[in-house]
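Hi,

Here is the structure I promised to pass on. Have a look at it first, and my notes follow underneath.

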Amino acid sequence: MSSKILVTGGLGFIGSHTVVALQEKGFEVVIIDNLSNSSLNVLEGIVSISQKKPAFEQIDLREKEAVKKFFEKYTDIDGVIHFAASKAVGESVGNPLLYYENNLSTLVYLLQELQEKPKANFIFSSSCTVYGQADELPINENAPVKKAESPYGNTKQIGEEIIADTCKVATGLKAISLRYFNPIGAHPSAAIGELPIGTPQNLVPFITQTAIGRRQELSVFGDDYPTRDGTCIRDYIHVMDLAQAHVVALERLIEGKEESNYEVFNLGTGKGNTVLEVINTFQESTGAKLPYKITERREGDVIAAFADTEKANNVLGWNASRSLSEALKSAWKWQKEVSKDEEN
Ligand code: WQD
C-alpha cells in the first residue's frame, strides 16, 4: 500500500513539480489548492507527465473548518508537504496582513490537525530569505536568522518557529524546513512550469517574457554592488532538483532516518551567479536575444546569497545535479509553450 501524501499548493510552481516527482516515486498524492495563484490546467500538465491523476480538493486553508473536514475525509495521510502561501516579496510590504493571515493561519490550522495524530510527517517550504544578507558565504544552516527585510520573509521565519515549538510538544510530529535558494526552470516536457500572474517579480520569468517579446526589456537592478561584475549574486536551482529534494526529505521522515524531530536544510546548488552571468548564459544556451538596461538598485536586495550544500549532500543525501544552462533552457522551452497557448 503506497503512502498517501497531502501537497498543499500542489498546483503552484514548485508544488506541481513535486507532485510529479512524488507520483513517479510511487506515492499517492492529494492536492489542496485554492486556485488563487494557479489553475486547473496545471493538473492536466501533471497527468500528462506522470500518467496519474492526483486527488484534488479546492480548499482555502484559511478556513479552519474546511481544514478539519479535509482530515476527517482523508484519515490515511502519511505526510504533508506545505507549499500553499503568498510569496511575492514586494506585495507583502504593501499588504502585510494578507501575508500574515494567509501564510501563518493556514500553517497553524494544518498543525492543529497533525498534532492530534499518533504520528505525522511535515515538510515546510521555507526560504533562504530568512538569512537576509548573511555575514559568511556560502550560507550554512547555522547562519543566524536575521530580521526579515519583508513581511513575506518574516512569515517564513515565524513559520519555522511555529513548527519548531509545536514539534517540542507534539510527540508524534516530525518536521523538516527546506530553505530554498532561487528556484528556476521547468519540467523538460514543458507541460508544467512557472506561471507568474501579472508582471513577474523574479528574474528568470522576466527574462523569458522579455526574450519572447511580452516585455520590452529587462531592467537589471543595479550594477554597482561589490561583486565580480557589479550585479547581485544568487544560487539558481533547477525546480526539478528542488522537487527531488522534497521526496528525499519526506522519505527521511517516513523511514525514521531523522536525527531529531525538527530539522532544517538549505537547498541550493552551492554555486553563485551574477545577474549578468544569468543573462549571458541564457543568450548563449538558447540563442535568444535579451534586450536589457541597467537601472537603480531594488530596495531590499541582498548583495549575494548562495548555499553551503554540505548538510543537504551528506545528511539529507541529496545533490542538485542540473546546470544553470539546463534550467534556463527549460524555462525558455516552457515560455515558448505558454506563449503558444496564449496565441490560440
Ligand atoms: C534575483 C536577482 C534582483 C528581477 C526572491 C525571494 C525568495 C524567493 C525567490 C519565493 C536579484 C535581480 C530581478 C528583475 C533584476 N521567492 N533582478 N531584474 O529576490 O533573490 O528572491 O525570489 O520563495 O524568497 O526573496 O529573486 O528573482 O527577484 O531576483 O535585476 O527584473 O535578479 O535584483 O539580484 P530574489 P529575484
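The chain exposes about 15100 Å² (Shrake-Rupley method, 1.4 Å probe, with only the protein chains shown counting as cover for residues), and carbon and sulfur atoms supply 48% of that area. Buried residues (under 20% relative accessible area) make up 56% of the 344 in the chain.

Bear in mind that this is a predicted model, where local features need pLDDT of at least 70, side-chain atom pairs count only at pLDDT 80 or more, and totals for chains, interfaces and linings use all residues. Numbering runs from 1 along each chain as its sequence is written, and side-chain values use heavy atoms, without hydrogens or water. Mean pLDDT (the predictor's confidence in each residue, from 0 to 100) is 96 for the chain.

Now the inside. The largest nonpolar core (buried Ala, Val, Leu, Ile, Met, Phe, Trp, Tyr and Cys joined through side-chain atoms within 4.5 Å) has 38 residues, and Leu 22, Ile 46, Ile 123, Leu 178, Leu 267 and Trp 318 have the most contacts inside it. Helix 8 (helices are DSSP runs of H or I, at least four residues, numbered from the N terminus) gives the most to this core, with nine residues. Domain 1 (4-184 + 237-267) and domain 2 (203-234 + 270-339) both contribute, so the core lies between them; the bounds come from an automatic or database domain assignment.

Leaving aside neighbours within four places in sequence, Ile 123 is in contact (heavy atoms within 4.5 Å) with residues including Val 80, Leu 178, His 246 and Leu 253.

Cheers

Conventions:
Buried means under 20% relative accessible area, exposed over 50%, partly exposed in between (1.4 Å probe, protein chains only). Helices (H or I, at least four residues) and strands (E, at least two) are DSSP runs, numbered from the N terminus.
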